[in-house]
Amino acid sequence: MTRLQKLRRRAFEIQRGRCYYCTAPMWTGPSCTVGVLQRLQEEAARHFLATAEHLIAVCDGGPDTAENIVAACQHCNYT
């Protein structure tokens, strides 16, 4: 597991599996499991994949530190 993955996992746990921005529940396991459990299509379930979001972007000098990483759903992180 990479450092960024560990930081994402830590943020996910601190946030109790909720997106930092929209507070929707997120997942970190196989999407097919989530889709079955939530009765979502796999494509829809992908929107709620937990990603590591830099509060200060890397391109702006933001570091890979616990203080700068939050867990955000894929939809919020990429929009």
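**Group meeting: cysteines, a covered strand and two tyrosines**

Okay, let's start with Cys22: this residue is partly exposed, with a relative accessible area of 37%. Keep in mind throughout that we're looking at a predicted model.

So what about disulfides? If you search the whole structure, you find zero of them. Take Cys22 again: the nearest cysteine sulfur belongs to Cys76 and is 3.7 Å away, and Cys22 is in no disulfide. Cys73 tells a similar story, as it's in no disulfide either, and its nearest cysteine sulfur, again that of Cys76, is 3.6 Å away. Why don't these count? A disulfide needs the two sulfur atoms within 2.5 Å, and the distances here are 3.7 Å for Cys22 and 3.6 Å for Cys73.

Now, is Cys73 buried or exposed? Buried, because its relative accessible area is 1%, and the cut-off for buried is under 20%.

That takes us to the strand Cys73 sits in. Strand S2 covers residues 69-73, and five of its five residues are buried, so you can call the strand mostly covered. Here's a bit of background: in a regular strand the side chains alternate between the two faces of the sheet. In S2, one side has Ile69, Ala71 and Cys73, the other has Val70 and Ala72, and both faces are covered.

Which strand does S2 pair with? That would be S1, residues 50-54, and the two run antiparallel, with five bridges between them. If you'd like one bridge to look for on the screen, find Thr51, whose bridge partner in S2 is Ala72.

Right, let's move to the tyrosines. Tyr20 is in the loop that links helix H1, residues 3-14, to helix H2, residues 31-38. How many aromatic pairs does the structure hold? Just one. Its members are Tyr20 and Tyr21, which meet edge-to-face, at 5.1 Å centre to centre and with 90 degrees between the planes. Those two numbers are there for a reason: a pair of aromatic rings is described by the distance of the centres and the angle of the planes.

And how accessible are these two? Tyr20 has a relative accessible area of 43%, so it counts as partly exposed. Tyr21 is partly exposed too, at 41%.

Last thing, and it's about the surface. Tyr20 and Tyr21 join Leu55 and Ile56 in a nonpolar patch there, and together the four have about 390 Å² of accessible area. Okay, over to you for questions.

Note on methods. Residues are numbered from 1 along each chain as its sequence is written. This is a predicted model: local features need pLDDT of at least 70, side-chain atom pairs count only at pLDDT 80 or more; totals for chains, interfaces and linings use all residues. Side-chain values use heavy atoms; hydrogens and water are left out. Patches are made of residues with over 30% relative accessible area and no salt bridge: like charges are joined within 9 Å, nonpolar side chains (Val, Leu, Ile, Met, Phe, Trp, Tyr) within 5 Å. Accessible areas come from the Shrake-Rupley method with a 1.4 Å probe; for residues, only the protein chains shown count as cover. A salt bridge is a side-chain nitrogen of Lys or Arg within 4 Å of a carboxyl oxygen of Asp or Glu. Helices (H or I, at least four residues) and strands (E, at least two) are DSSP runs, numbered from the N terminus. Buried means under 20% relative accessible area, exposed over 50%, partly exposed in between (1.4 Å probe, protein chains only). Two strands pair if DSSP finds at least two bridges between them. Rings of Phe, Tyr and Trp (its six-membered ring) pair if their centres lie within 6.5 Å; planes under 30 degrees apart count as stacked, over 60 as edge-to-face and the rest as tilted.
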